[in-house]
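Me: Could you take a close look at the salt bridges in this one? I'd like to know which side chains pair up and how exposed they are.

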Amino acid sequence: MTSEVVRRPAATVAEGAVAADPATTIERVGVLLRARGERMTRARRAVLTVLACDGGHLGAEEVVGRVAALDAGVHRATVYRTLDALADLGVVQHVHVRRTGTAYHLAHGGREHLHAECRRCGAVQDLPADLLDDVARAVLDRDGFTVEPTHVALSGLCAACVTGDPPGGHAR
């Protein structure tokens with residue numbers, strides 16, 4: 001049995017396709033969409049704007065609410081479909097967390113990364129993509145099971161909650 005760790009492809013996203021500012025993100029994602037014969041819709045533009053402006057890990061309902069504030073004509077179901085389509089494109093990464101069920105954020109760098117969620121305050125933070133590669137390889141070698149560590153958040157306590165600092169103010 002091989003010791004290769006399998007990751008879901010984000011390779012459709014060119015390095016740097018997602019930028020920090022909404023206009024650049026929309027432009028770069030538009031190029032990716034046109035290359036696939038698709039177009040930048042109002043819903044896609046609104047969802048990308050919300051995610052680029054926040055920069056954090058937003059629950060689907062948080063995205064729905066913020067999209068409605070930007071463009072009331074975008075239906076809730078369309079936001080969900082748009083999140084899924086952008087995730088399939090590799091532009092958006094989702095992770096299952098306790099706070100919101102599923103959290104979404106812009107993908108960066110072409111490879112999905114890991115997440116940790118604080119079980120006390122709900123903060124979600126990014127972790128390096130290769131952090132669990134050795135563990136995933138060991139599980140594959142021992143059990144023949146391919147782990148997808150980017151799909152769920154690791155649970156624990158963030159630095160602020162460990163030291164007893166109030167939970168307000170750290171990133172989601």
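Reply: Let's start with R44, which is buried, with a relative accessible area of 13%; that puts R44 below the 20% cut-off for buried. Keep in mind that this is a predicted model. The side chain of R44 meets that of E38 in a salt bridge, at 3.0 Å from N to O. E38 itself has 28% relative accessibility and so counts as partly exposed, since the partly exposed range runs between 20% and 50%.

E38 also has a salt bridge with R36, where the N to O distance is 3.2 Å. R36 comes out at 45% relative accessibility, so R36 is partly exposed too. Put those pairs together and you get a network of salt bridges linking R36, E38 and R44. As for the chemistry behind it, side chains of opposite charge can pair when their charged atoms come close.

Now for another pair, R66 and D54: their closest N and O atoms are 2.6 Å apart, and they form a salt bridge. This one links distant parts of the chain, as R66 belongs to helix α3 (residues 60-70) and D54 to helix α2 (residues 42-54), with the two positions 12 residues apart in numbering. On exposure, R66 is at 33% relative accessibility and therefore counts as partly exposed. D54, at 28%, is partly exposed as well.

If you want the full tally, searching the whole structure turns up 7 salt bridges, including the R66 and D54 pair.

Terms used:
Residues are numbered from 1 along each chain as its sequence is written. This is a predicted model: local features need pLDDT of at least 70, side-chain atom pairs count only at pLDDT 80 or more; totals for chains, interfaces and linings use all residues. Side-chain values use heavy atoms; hydrogens and water are left out. A salt bridge is a side-chain nitrogen of Lys or Arg within 4 Å of a carboxyl oxygen of Asp or Glu. Buried means under 20% relative accessible area, exposed over 50%, partly exposed in between (1.4 Å probe, protein chains only). Helices (H or I, at least four residues) and strands (E, at least two) are DSSP runs, numbered from the N terminus.
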